[in-house]
Amino acid sequence: MARNKFDIDETLETPFDIKHLKRSFIYIKKHTKKMVAALLLSALGVVISLFGPILVQRGVDVAVPNKDIAQVVLLSAIFLGTIVINVIFITIRSKLMVEVGQDIVYDIRKDLFNHLQELPFKYYDDRPHGKIMVRIVNYVNNVSDLLSNGIINFVLELFNIIFILIFMFSVSVKLSLVVLAGLPVFMVVIFLIKNFQRKAWQQVSNKSSNMNAYLHESINGIRVTQIFTREEQNAGIFARLSGNYRKAWLKATFISQCVWYSVDNIATIISALIYIVGMMYMAPEVSFGVILAMSGYASRFWQPIMNLSNLYNNFINTIAYLERIFEAMDEPVTITDAADAYELPKIEGQITFDHVTFAYEPGKNILEDVSFTAQPGESIALVGPTGAGKTTIVNLISRFYDVDGGAVLIDGNDVSRVTLHSLRSQMGIMLQDSFIFSGTLLENIKYGKLDATDEEVRIACQTVCADEFIEEMEKGYDTEVNERGSRLSQGQKQLIAFARTLLCDPKVLILDEATSSIDAKTERLLQKGLQELLKGRTSFIIAHRLSTIMHCDKIMYISNKGITECGTHEELMAKRGDYYHLYTSQLQEA
Ligand SMILES: Nc1ncnc2c1ncn2[C@@H]1O[C@H](COP(=O)(O)OP(=O)(O)OP(=O)(O)O)[C@@H](O)[C@H]1O
Ligand SMILES: [Mg+2]
């Protein structure tokens with residue numbers, strides 16, 4: 001089966017770049033107190049627990065041969081005490097660090113989400129939304145552990161190694177050297193296999209992200225899938241993506257197990273060596289208790305080294321995740337307030353396109369040198385063939401994209417000079433596909449004006465003839481709908497979106513195919529209410545159904561060449577141009 005964009009892995013092995021780690025200190029810094037406390041607790045715990053093997057040695061070498069029961073009991077009690085204290089310290093430390101980890105996740109996620117909300121339409125035009133989600137959910141999860149525990153553990157493991165060495169050498173220098181002899185073998189094994197291990201886990205992360213992205217899209221597109229009975233092919237694609245994940249996972253766990261076995265075996269061999277060397281060659285010189293203590297330290301010696309190598313690998317992965325996260329955070333908000341942006345004063349309603357040129361992709365102009373002016377209170381209809389650029393024109397008025405040439409002016413204010421908030425909050429825009437959020441109908445209608453009263457909502461709904469069907473629903477305005485408004489017909493969704501737009505009482509109203517799914521009778525009723533409502537507002541109405549736009553003050557015919565005709569219905573009919581042909585062909589169909 002052909003590979004698709006979901007098969008493309010993200011690069012997770014990036015050249016080591018300390019700047020990402022440095023930057024992550026912004027998130028770590030404010031938890032310094034908790035982290036220092038956790039570190040101190042852990043360090044104390046380490047030292048206390050290291051007394052264990054010495055206690056064993058004393059017991060075996062001194063107390064037991066002397067049959068000193070009291071001392072055995074005392075030593076055991078102290079041993080038990082060290083364990084209990086250690087457990088208490090570990091518990092407190094874990095609690096502290098879980099809090100720090102989750103705080104870091106929370107902060108990064110918040111910043112990332114807030115940034116994503118500001119990114120222009122263009123960002124979302126260009127990439128699978130599932131992969132954006134993976135960054136917020138998975139990647140952030142993945143970095144939290146290293147940023148919280150990782151740093152502490154790093155210090156702690158170094159500390160651990162130093163202390164184990166001190167304790168070991170204080171017990172027996174020669175046997176300590178035996179333990180150290182195993183170190184080179186150990187390091188080679190670890191760093192060789194670990195490299196494989198890291199790459200294998202990166203693959204797991206990649207495959208999981210590919211699978212999630214596809215899953216996300218499939219759920220969104222499930223209706224189309226079933227309409228075109230694409231289930232089988234999609235199952236194939238999913239099986240492949242999920243199979244890749246399974247393969248990657250199996251490989252990674254296999255390698256991880258190999259690491260454990262090698263480490264385990266090396267550690268066992270070294271322990272055996274301690275016994276052999278100790279008993280055979282150093283016999284009277286070192287006691288049995290010393291040998292026992294040394295094998296205890298030896299087995300503890302490998303753990304921190306293992307942990308350090310784990311940390312090293314996590315660290316490399318985390319840097320890559322951080323890079324992906326910061327990359328999204330650094331994605332320039334190209335559409336943003338200019339440095340000297342000012343508040344757009346209350347809109348009168350004059351809208352001018354002054355020689356506007358615009359392209360979504362460089363070199364492919366959709367609008368070229370387009371000029372027109374809408375006077376305050378005028379209603380302007382945009383008609384023309386599919387793909388001509390009608391939606392594009394209205395997107396430019398609210399500055400969802402920046403023009404490449406010329407300017408869009410509202411009451412003489414260039415939209416790129418005023419603050420986005422002051423601009424968009426005065427606009428009522430109804431998009432071609434009206435998105436309904438999960439929640440009640442009331443919440444959906446109040447989406448843009450949270451403080452609207454129920455009365456205001458009802459009036460808005462009456463104006464757009466939505467109140468009738470809403471009242472008929474089981475719970476009226478409190479009826480729950482899901483994301484994308486399942487349970488509502490297309491026309492009902494449009495009516496809800498319409499009410500949502502009107503509620504904000506915008507000075508400029510933009511309706512992009514706002515009534516395309518509403519039946520002709522309801523639309524006529526709606527038109528009447530709307531006529532009242534449109535008074536005093538400049539409005540742009542895009543519609544394919546000509547009855548919707550006939551009564552507009554001005555009709556602009558948009559073709560691929562720009563605005564080719566402009567005038568009232570009567571004027572354009574008299575002209576017998578494109579509009580005339582469009583109108584007569586629709587009449588014939590009717
Ligand atoms: N996000 C985008 N990225 C790249 N090209 C785009 C994008 N959106 C639209 N286009 C292109 O720009 C042109 C104009 O699109 P636009 O949506 O303005 O058409 P329209 O007149 O509103 O059509 P319709 O009547 O079908 O809604 C089309 O050729 C389309 O392919
Ligand atoms: Mg359109």
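These are my notebook entries on a predicted model, taken in the order in which I looked things up.

**Entry 1: the ligand shell**

I began with ligand 1 and listed what surrounds it, which gave D125, Y360, E361, I366, T386, G387, A388, G389, K390, T391, T392 and Q432. I then sorted this shell by residue class and noted three nonpolar, six polar and three charged residues. When I asked which element gives the most to the shell around ligand 1, I found that it is helix α11, residues 390-397, with three residues.

**Entry 2: the four-stranded sheet**

I followed α11 outward and saw that this helix lies across β1, β2 and β4, running at about 115 degrees to β1. Those strands led me to an open sheet of four strands, whose order I wrote down as β2-β1-β4-β5 and whose pairing is antiparallel. At its edges I found β2 and β5 (413-414), each of which pairs on one side only.

I went through the pairings of β1 in turn. Strand β1 (residues 351-359) runs antiparallel to strand β2 (residues 365-374), and six bridges join the two. For the register I noted that F358 stands opposite L367 in β2, and that A359 stands opposite N365 in the same strand, β2. I recorded β1 and β2 as a hairpin with five residues between them, and in the turn I noted G363, which has a positive phi of about 90 degrees. The pairing of β1 with strand β4 (residues 405-410) is also in the antiparallel sense, over five bridges, and here I found T352 opposite L409 in β4. As a reminder to myself, strands of a sheet pair through backbone hydrogen bonds, either parallel or antiparallel.

**Entry 3: the six-stranded sheet**

I looked next at an open sheet of six strands, in the order β6-β9-β10-β3-β11-β12, and noted that its pairing is mixed. The edge strands are β6 (427-430) and β12 (562-567), and each of them pairs on one side only. The twist, going from one strand to the next, averages 15 degrees. At the β12 end I checked strand β11 (residues 554-559), which pairs with β12 in the antiparallel sense over five bridges; the partner that S559 bridges to in β12 is G562.

**Entry 4: the nonpolar cores**

I turned to the interior and found that the largest nonpolar core has 70 residues, with A381, V464, A499 and I510 having the most contacts inside it. Helix α16 (residues 490-503) gives the most to this core, namely seven residues. I took A499 as an example and, not counting residues up to four places away in sequence, I listed I445, A460, C461, V464 and A466 as the residues that A499 touches. Apart from that core lies another, of 29 residues, which includes Y27, V100, I152 and A320. For context, nonpolar side chains tend to be buried together in soluble globular proteins.

I followed I152 further, and placed this residue in helix α5 (residues 129-171). I152 counts as buried because 21 C-beta neighbours lie inside 10 Å, the cut-off being 20 or more. Leaving aside the neighbours of I152 within four places in sequence, I noted contacts with M35, A38, L39, S42 and M97. I also checked I152 against V36, which is 116 residues apart from it along the chain, and read a C-alpha separation of 8.3 Å.

**Entry 5: two residues with positive phi**

Last, I looked at two residues that have a positive phi without being glycine. K67 has a positive phi of about 50 degrees and sits in the loop between α2 (32-63) and α3 (69-118). R399 has a positive phi of about 55 degrees and sits in the loop between α11 and β4.

Is K67 buried or exposed? I recorded K67 as exposed, because 8 other C-beta atoms lie within 10 Å and 12 or fewer count as exposed. Is R399 buried or exposed? I recorded R399 as buried, because 21 other C-beta atoms lie within 10 Å, and 20 or more count as buried.

Technical notes:
Residues numbered from 1 in each chain as written. Chains lettered and ligands numbered in written order. Predicted model: local features only at pLDDT ≥ 70, side-chain atom pairs only at ≥ 80, totals over all residues. Near = placed C-beta within 6 Å. Nonpolar A, V, L, I, M, F, W, Y, C, P; charged D, E, K, R; others polar. Pairing = 2+ DSSP bridges. Contact = placed C-beta atoms within 7 Å. Axes fitted to C-alpha atoms, helices over the stretch in contact; angles between N-to-C directions. Core = buried A, V, L, I, M, F, W, Y, C linked by C-beta atoms within 7 Å.
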